[in-house]
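Please look through the sequence and the model shown here, and then follow the report below, which moves from single residues to strands, rings and the chain as a whole.

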Amino acid sequence: MLTLNYAPSLFPGINITTPKTQGIKYAGSKLKLLPHIISLLDGLEVQTIFDGFAGTTRVSQAFAQLGYKITLSDISDWSYVLGVCYLQNQNSPSYYNELIEHLNSIKGRDGWFTKHYGGMVGDDDSAIQKDGSKKPWQIHNTRKLDAIRDAIDDLELSEVERAVALTSLLLAMDVVDSTLGHFTSYLKKWSFRSFKDMRLQVPNLFVNDKDNIVIKDDIFNANKIVEADFAYFDPPYGSNNEKMPPSRIRYASYYHLWTTIIKNDKPELFGRAMRRKDSSDRVAASVFEEFRKDESGNYIAVNSIDKLIENANVRYVALSYSSGGRAISEQLNTVLTKHGKLIKTIELDYRKNVMADMKWTNEWLKDTQEPNREFIFLIEK
């Protein structure tokens with residue numbers, strides 16, 4: 001049965017009933033924008049959707065529950081697992097009760113995660129350890145993490161069952177962390193939630209009646225093989241500050257611990273936050289974060305959007321763009337109108353918590369210098 005709820009839109013006056021979705025804390029989450037993203041399909045003949053930068057998969061979850069067939073893609077291991085869990089499950093949630101209860105019954109033990117990420121409580125709830133480091137979780141929860149994570153690998157599970165177990169583990173650890181929502185730094189004092197005992201629960205699953213496809217690959221590779229009626233692209237734009245080096249904050253750095261939990265590969269670590277060594281690369285993980293220009297004076301990030309839209313095998317493309325992104329508005333506007341007709345632009349103002357306007361021409365350009373603005377462009381190719 002489709003479970004609907006009122007999505008807590010940032011923007012008063014937009015009262016669209018949306019399916020209930022679930023995910024980990026994530027800087028790029030589109031939870032509060034879902035009503036606006038869903039509204040893009042009003043009046044369009046769409047049956048199949050491609051979510052090209054799936055992240056926590058909330059957008060895909062919503063569209064799937066509305067009856068669309070979904071193909072989702074992302075480069076990260078944890079996004080792939082979330083996609084399999086939510087978008088390929090065809091069992092009742094109760095089917096997984098026995099599995100989750102078995103994992104909860106496993107006794108915790110000291111292991112790799114406890115050694116590197118488990119901390120003791122000091123005076124006045126201090127999270128600073130004897131060696132001066134801070135940790136994202138208290139030791140009673142990392143001990144459970146160590147035991148449960150290895151147990152999942154030892155069980156003979158189908159791909160969907162394994163994804164459900166791992167998703168349950170991510171969600172459980174997400175609600176007992178002592179962070180600001182990412183894993184590049186940790187709090188000096190333990191958060192209130194970190195004292196709670198981690199306990200797995202069956203994710204908020206729904207029964208998929210479509211054969212949804214989940215891809216883990218570079219977006220340009222996925223774009224070559226996916227055919228759909230509608231594509232939603234939300235690239236990981238970098239900062240506009242050209243003095244800032246390109247970063248991998250969205251995936252490899254901010255969420256490195258989710259990657260490690262999924263892979264359970266016990267990687268080499270570095271730095272005070274004990275990040276995966278493979279997240280230290282200062283070369284942009286995505287060309288959409290690249291601030292430099294090519295030999296013709298065009299921004300590489302805009303060239304990448306150009307290529308992305310050109311090669312999309314769809315009739316409609318929806319593109320999210322932040323005013324803090326690398327793309328430069330005039331060049332971006334040229335790209336948006338190059339491959340089809342710009343039929344709708346929604347401008348969102350985070351600072352005032354309102355939908356600033358519905359733009360029908362290129363008048364959106366004058367507002368790109370304003371901070372905290374997000375634009376969603378709808379193009380008919």
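In this predicted model, Thr260 is found in helix α10, which covers residues 256–263. Is Thr260 buried or exposed? With a relative accessible area of 1%, Thr260 counts as buried, because the cut-off for a buried residue is under 20%. Leaving aside its neighbours within four places in sequence, Thr260 is in contact with Trp112, Phe113, Asp265, Pro267 and Arg276. One of these partners, Arg276, is 16 residues apart from Thr260 along the chain, and the C-alpha atoms of the two are separated by 7.9 Å.

A second threonine, Thr167, has its place in helix α7, residues 159–174, and Thr167 is buried with a relative accessible area of 0%. If residues up to four places away in sequence are not counted, Thr167 touches Val81, Leu82, Cys85, Tyr86 and Pro203. Glu98, which lies in helix α4 (residues 97–104), is instead exposed, since its relative accessible area is 70% and the cut-off for an exposed residue is over 50%. Although Glu98 and Val202 are 104 residues apart along the chain, their C-alpha atoms are separated by 9.8 Å.

The table sets these three residues side by side.

| Residue | Relative accessible area | State |
|---|---|---|
| Thr260 | 1% | buried |
| Thr167 | 0% | buried |
| Glu98 | 70% | exposed |

The next topic is the strands. Strand β4, made up of residues 69–74, is mostly covered, as 5 of its 6 residues are buried. Which strands pair with β4? One partner is strand β3 (residues 48–51), which runs parallel to β4 and is joined to it by 4 bridges, and within this pairing Asp51 stands opposite Leu72 in β4. Between β3 and β4 the chain passes through helix α2, residues 58–65, and the resulting β-α-β crossover is right-handed. Strand β7 (residues 213–216) also pairs with β4 in the parallel sense, again over 4 bridges, and here Thr71 stands opposite Ile213 in β7. In a regular strand, the side chains alternate between the two faces of the sheet.

Aromatic rings come next, and the structure holds 16 aromatic pairs. Why is the pair of Phe63 and Tyr68 edge-to-face? The ring centres of Phe63 and Tyr68 are 5.8 Å apart and their planes stand at 90 degrees, so the pair is edge-to-face, given that planes over 60 degrees apart are counted in that way. Both Phe63 and Tyr68 are buried. Phe375 and Phe377, by contrast, form a stacked pair, with 6.0 Å from centre to centre and 5 degrees between the planes, and both of these residues are buried as well. Ring pairs also link Tyr26, Trp78, Tyr254 and Tyr255 into a cluster. A charged residue meets a ring too, for Lys307 lies over the face of Phe220, at 4.5 Å from the ring centre.

Finally, the protein can be described as a whole. Its secondary structure comes to 12 helices and 14 strands, and buried residues make up 55% of its 381 residues. Among the contacts in the protein with a separation of 6 or more, 74% are accounted for by residues 24 or more positions apart. The protein exposes about 17200 Å², of which carbon and sulfur atoms supply 48%.

Note on methods: Residues are numbered from 1 along each chain as its sequence is written. This is a predicted model: local features need pLDDT of at least 70, side-chain atom pairs count only at pLDDT 80 or more; totals for chains, interfaces and linings use all residues. Side-chain values use heavy atoms; hydrogens and water are left out. Helices (H or I, at least four residues) and strands (E, at least two) are DSSP runs, numbered from the N terminus. Buried means under 20% relative accessible area, exposed over 50%, partly exposed in between (1.4 Å probe, protein chains only). Contact means heavy atoms within 4.5 Å. Accessible areas come from the Shrake-Rupley method with a 1.4 Å probe; for residues, only the protein chains shown count as cover. Two strands pair if DSSP finds at least two bridges between them. A crossover is right-handed if, with the strands pointing away from the viewer, the path from the first strand over the helix to the second runs clockwise. Rings of Phe, Tyr and Trp (its six-membered ring) pair if their centres lie within 6.5 Å; planes under 30 degrees apart count as stacked, over 60 as edge-to-face and the rest as tilted. A charge sits over a ring if NZ of Lys or CZ of Arg is within 6 Å of the ring centre and within 35 degrees of the ring normal.
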